[in-house]
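Please open the structure in your viewer and keep the selection tool at hand. The stops below are meant to be taken in order, each with something to select and something to look for.

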Amino acid sequence: MTAPAPKPWIMGIAPYIPGRSTTDDGRKVVKLSSNENPLGTSPAARAAFASTAGQLERYPDAGASELRETLAARHGLDASRIIYGNGSDEVLHLAAGAFAGPGDEVIYVRYGFAVYEIATRRVGATPVIAPDKDYATDVEAILAAVTDRTKIVFVANPNNPTGTYSTREEIARLHAGLREDILLVLDHAYAEYIEGDAEDGGMALAARASNVLVTRTFSKMYGLAAERIGWGYAAAPIIEAMHRIRLPFSITIAGTAAAVAALGDREFVENTRDHNARWRAWFSEEVGKLGNAGLRAVPSQANFVLVLFEGDLTAEVAYKGLMDAGYIVRWLPGQGLPHGLRITIGTEDETRGVMAALRDLAGA
């Protein structure tokens, strides 16, 4: 008998592996593996979420009108050009599904977000990996990788899992170097953590260009990872094409209410940003003091730091040692980083604690 056979490109996908929350022996410890918000969620968002309990029998608004209008007002955008999805992951998949397929190529950088390869292979397109520049996005390398078959370029800014950041000038140069029929997707999952006014101009590009999509999420800065609310902004024809394959009810009533309320809680956002900036800087500086032991912190503009192990202490040994000490971080050999650990910036106690454990492991 012959069983149904999946498409060959589906079998080429390595399933996404999320950050762990328990140790090898089943203990629940401090989770610093998924870049979650250490301050929790806005009280206003929690209250809005709870207020929807009486609507469980109702379908969500398939047009997400309130969310789109609130986002448009908050960011000065055209609400009709906003798409939404089950986290920004779904929006990334929609972009690949609408604009790439068998015979096409999709470019992303080495050490880029794992979902880019999954979204590419899922539609039968061919992934093309551009070399990095010391773990950061290399604009020239991306442009050199473009061929007649290129349909999409994915760039996370700040990048995950490295935390590196491309400037406004670099993003403008990248966009200017791409053909107009290539979709540039700027993944801004961590954009709210960028210091000062150094944003990359991506949203302004999406507002005026015909081939730029910016994606964002409520999972990080807004502390709504459980509800999976993501969105994107692009020219009307791009959004219209993506809507054709979007799930009709991809975000929930409760999640939508929480997201709308979260957008209005500026104090929570500022507290989160300030906390992250303070402890990211402290943590990176402390890792720098372990340079003699071969540890190096990649400069980050996100809510995590990639720590490289370039001496006798390996990332694998450190990963297991931190787990024994009560901290789960992200070891990423599957993304070409067997020598690195991505460590989320947690609470003050968590950040000080994981740093103390790292010092002990490094013999400092």
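The tour that follows goes through helix pairs, cores, backbone features and single residues of what is a predicted model.

**Stop 1: helices H3 and H10**

Begin by selecting residues 65-75, which form helix H3, together with residues 253-264, which form helix H10; the two pack at an angle of about 15°, and their axes are 10 Å apart. Because angles under 35 degrees count as roughly parallel, H3 is roughly parallel to H10. The handedness of the H3 and H10 crossing is left-handed. To see the contact itself, show the side chains of Glu 66, Leu 67, Thr 70, Leu 71 and Arg 74 on H3, and those of Thr 256, Ala 259, Val 260 and Leu 263 on H10. Coloured by character, the residues of this contact between H3 and H10 come out as five nonpolar, two polar and two charged.

**Stop 2: the nonpolar cores**

Stay with Leu 67 and add Phe 218, since these are the residues with the most contacts inside the largest nonpolar core, which has 50 residues. H10 supplies the largest share of this core, namely five residues. Which residues does Leu 67 contact, leaving aside neighbours within four places in sequence? Selecting around Leu 67 on that basis brings up Phe 218, Ile 229, Ile 251, Thr 256, Ala 259 and Val 260. A second, separate core has 28 residues, and Phe 283, Val 307, Phe 309 and Ala 357 are among them. As background to both selections, nonpolar side chains in soluble globular proteins tend to be buried together.

**Stop 3: Val 354 in helix H13**

Next select Val 354, which has its place in helix H13, residues 348-362. Val 354 counts as buried because its relative accessibility is 1%, where the limit for that label is under 20%. Once residues up to four places away in sequence are set aside, Val 354 touches Leu 32, Phe 283, Leu 322, Tyr 327, Val 329 and Ile 343. A distance label between the C-alpha atoms of Val 354 and Gly 326 should read 8.4 Å, although the two residues are 28 apart along the chain.

**Stop 4: helices H4 and H9**

Now select residues 87-99 for helix H4 and residues 236-243 for helix H9, a pair that packs at an angle of about 95° with axes 9 Å apart. H4 and H9 are therefore roughly perpendicular to each other. The residues to display are Val 91, Leu 94, Ala 95, Ala 98 and Phe 99 from H4, with Ile 238, Ala 241 and Met 242 from H9. In this contact of H4 with H9, the residues divide into eight nonpolar, no polar and no charged.

**Stop 5: the loop between S5 and H7**

Move on to the loop that runs between strand S5 (150-156) and helix H7 (168-177), where Ser 166 is found. With a relative accessible area of 2%, Ser 166 is buried, and its contacts, neighbours within four places in sequence being left out, are Thr 137, Asn 157, Ile 171 and Asp 200. Pro 158 lies in this loop between S5 and H7, and the peptide bond leading to it from Asn 157 is cis, with omega near 0°. Pro 161 also lies in the loop between S5 and H7; here the peptide bond from Asn 160 to Pro 161 is cis, with omega near 25°.

**Stop 6: two positive phi values**

For the backbone angles, it helps to recall that most residues other than glycine have a negative phi, and that most peptide bonds are trans. Select Ala 64, in the loop between helix H2 (43-50) and H3, and read its phi, which is near 45° and thus positive in a residue other than glycine. Is Ala 64 buried or exposed? At 4% relative accessibility, Ala 64 counts as buried. Then select Arg 228, in the loop between strand S7 (212-217) and strand S8 (229-233), where phi is positive, near 55°. Arg 228 is partly exposed, its relative accessible area being 26%.

**Stop 7: Lys 28**

Finish at Lys 28, in the loop between helix H1 (8-11) and strand S1 (30-31), which is exposed with a relative accessible area of 72%. From the C-alpha of Lys 28 to that of Met 203 the separation is 39 Å in space, with their positions 175 residues apart in sequence.

Definitions and conventions: Residues numbered from 1 in each chain as written. Predicted model: local features only at pLDDT ≥ 70, side-chain atom pairs only at ≥ 80, totals over all residues. Heavy atoms only, no water. Axes fitted to C-alpha atoms, helices over the stretch in contact; angles between N-to-C directions. Helix = DSSP H or I, 4+ residues; strand = E, 2+ residues; numbered from the N terminus. Parallel < 35°, antiparallel > 145°, perpendicular 65-115°, else oblique. Left-handed = near helix turned anticlockwise from the far one by under 90°. Contact = heavy atoms within 4.5 Å. Nonpolar A, V, L, I, M, F, W, Y, C, P; charged D, E, K, R; others polar. Core = buried A, V, L, I, M, F, W, Y, C linked by side-chain atoms within 4.5 Å. Buried < 20%, exposed > 50% of the residue type's maximum accessible area, 1.4 Å probe, protein only.
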